[in-house]
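Colleague: Could you take me through one part of this model up close? I'd like to see how a helix sits against its surroundings, in plain words please.

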Amino acid sequence: MAEVPGLFDPIEIGGVRLRNRTLLPSMTTRLADDAGHVTDATLAYYRARAEGGVGLVTVEMASPEIAGKHRFRELGIYDDMFLPGLRRLVDTLHEAGARASIQLGHGGSRARSVVSGTTPVAPSAVPTPVFEIEAELAVPEAMSAARMRETVDAYVAAAARAQRAGFDMVELHGAHGYLISQFLSPLENTRSDAYGGSLENRARFGLEILRRIKSEVPGLPVIFRIGVEDFFPGGLTADEGMQVGRWAERDGADAVSVTAGHYRSLPAAERMIPPMAYPAATFVEYAARMKQLVDVPVIGVGRLGDPELAAGAVADGKLDIVALGRPLIADPHWVAKAQAGVPVRRCLACNHCITNMRSGAQLSCVVNPATGREEVYAGTSAPGGRRIVVLGAGPAGLTYASQVAEGNDVMVIDRAERAGGAFRLTGLAPRFNDVAAAEPTFTAYVDELERTCRLGGVRFRYGSEATGDDLRGADLVVVATGAHYRFGLGAVVPRLLRTRAARSRAAARLFASPRIRDALYYRLRTGRGAELARRLPVDPGSTVLVVGDAARAGKAREAITSAFDAALAPSARSAPTP
């Protein structure tokens, strides 16, 4: 019997050997400069994931021609001027032990003219709602036969440019409502020529690009990414998506990357990147179905951040390579940690990384403040040799304790019976950020963070207040007791969240209002950490530090960032108690 492959076993794509079966998929970062050149921030972001052990890094979507550019500060590959930066990026990834790919993706009708400076093009002149900092109904220009040939030529030139930059392979983006996907979806492709109508005709454009690259850029492996199900009437269906995957293998694809969803998906576009209310391993069965149809490696994606789940998908033969997007944003060392059997920092699947970036900001993460700021934390670490007492085991307290555990004697004290604080209640609310909340997500995050602390030697005591004896001899006391609701709401809110009313449609509409959410985060809560700090019976030489909501009531990301920053730059952020 053939040996069952494991998540950390090597695999080849088109003759290129990956050190394991994990992949960082393409996700926009906005870390390029305004023109699209690689920056030091770009290098730092990708270096962190490569050093964390991932097998293949797929650099974010880059358009083969300027007309396909769909976001500000999008990475460029449509001109030779980008080569020096791309070479630096490839060298950085290779030095860290990862293989390097880049996604070639054209925005089509989603490429706003304010970004590209040109009129968007698409298979048909179908009005398309787009959002890039602001909403717009774009009306693209239907591509003529000559215009299609020009774009296909641009794809081939971009692939050749990627090979010259040193990339080990490229990925063609045929998913999520971008140009190749637009040709595949009947609603967006209303052509009556050889590129419209039947599935074979609708697939022709993307497959021509694939064949041309394989023919004219010899030695360059190509991954074909296919969104097999669009989830809207008139979109690509799963049966059609599977057939396109088979044709891609026939025409030379060295691997097929299987995903699903489209900007037009119902009930919402979030289905492309399923948030926490969606089941884990959301799209794995699509990958498993594709694996029965093709002989090249199949890549699967969609809520695979639990290491056991990811490993099981490979071991069960449902896919060959696991794509980890949001999990590697939350924890760039996910792969190394999972392989060592230690806890990873769990992604909340809250889609902050997506929604915040679409507003024009660079990539960031609720639970990993270093995302997009890797340069800021380069070479930083917490001082050692101290006795530290942390008051509060919510996300801020646990974050601080986890960052300072190495080389310090750390104790966490919380009057509650378990870790998590009010963060556990967040999963009971109708929404978190802009997605439906799901309690198991927050539970998993808290449990794994607490486990990380314990493995680092942090001691915990629950169900009691800190005493003078606890604080005596402490070099540092960290107040992370969270915020308190005003007007006596502290007793009311938890009870309300545990009732059916919290999940009602009325509550969902209420929580959908930014005003209401901001009131709940800020105006109706207050941080009393400074007041508590003044009353603590600490030694004269001790330092007291207030972090998270205890310092200033706010959102989870602000609280976690406060603790993270304080842990890694304590001398600049702490001051002795007066």
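Modeller: Let's start with a term we'll need: a crossing of two helices is called right-handed if the near helix is turned clockwise from the far one by less than a right angle, and left-handed if it is turned anticlockwise. Keep in mind that this is a predicted model.

Now look at helix H4, which covers residues 145-165. Its partner here is helix H2, residues 83-95, and the two axes lie 8 Å apart at an angle of about 55 degrees. Angles from 65 to 115 degrees would count as roughly perpendicular and those under 35 as roughly parallel. That makes H2 oblique to H4. As for the handedness, H2 crosses H4 in the right-handed sense. On the H2 side, the touching residues are Leu83, Leu86, Arg87 and Val90, while H4 brings Arg161, Arg164 and Ala165. Sort the residues of this contact by type and you get four nonpolar, three charged and no polar ones.

Stay on H4 and find arginine 147, which is part of this helix. Is it buried or exposed? Its relative accessibility is 14%, and buried means under 20%, so arginine 147 counts as buried. If you skip its neighbours within four places in sequence, arginine 147 is in contact with Glu65, Ala67 and Val121. You can also check a distance here: alanine 122 is 25 residues away from arginine 147 in sequence, and their C-alpha atoms are 9.9 Å apart in space.

Next, zoom out to the nonpolar core. The largest one has 134 residues, and Ile102, Leu348 and Tyr400 are those with the most contacts inside it. Which helix gives the most to this core? It's H4 again, with eight residues. To get a feel for one of those well-connected residues, click on leucine 348: leaving out residues up to four places away in sequence, it touches Met276, Val366, Val367, Phe423, Phe432, Thr441, Phe442 and Tyr445. Another core, of 16 residues, lies apart from the largest one, and Ile11, Leu18, Phe231 and Ala255 are among its members.

For a second helix pair, go to H7 (residues 238-250) and H8 (residues 284-291), whose axes come within 10 Å and cross at roughly 45 degrees. H7 and H8 are therefore oblique to each other, and their crossing is right-handed. In H7, Ala238, Asp239, Gly241, Met242 and Gly245 meet Tyr286, Arg289 and Met290 of H8. The residues of this contact split into four nonpolar, two polar and two charged.

Methods:
Residues are numbered from 1 along each chain as its sequence is written. This is a predicted model: local features need pLDDT of at least 70, side-chain atom pairs count only at pLDDT 80 or more; totals for chains, interfaces and linings use all residues. Side-chain values use heavy atoms; hydrogens and water are left out. Axes are lines fitted to C-alpha atoms, for helices over the stretch in contact, and angles run from 0 to 180 degrees between N-to-C directions. Helices (H or I, at least four residues) and strands (E, at least two) are DSSP runs, numbered from the N terminus. Angles under 35 degrees count as roughly parallel, over 145 as roughly antiparallel, 65 to 115 as roughly perpendicular and the rest as oblique. Contact means heavy atoms within 4.5 Å. Ala, Val, Leu, Ile, Met, Phe, Trp, Tyr, Cys and Pro count as nonpolar, Asp, Glu, Lys and Arg as charged, and the others, Gly among them, as polar. A nonpolar core is a set of buried Ala, Val, Leu, Ile, Met, Phe, Trp, Tyr and Cys residues joined through side-chain atoms within 4.5 Å. Buried means under 20% relative accessible area, exposed over 50%, partly exposed in between (1.4 Å probe, protein chains only).
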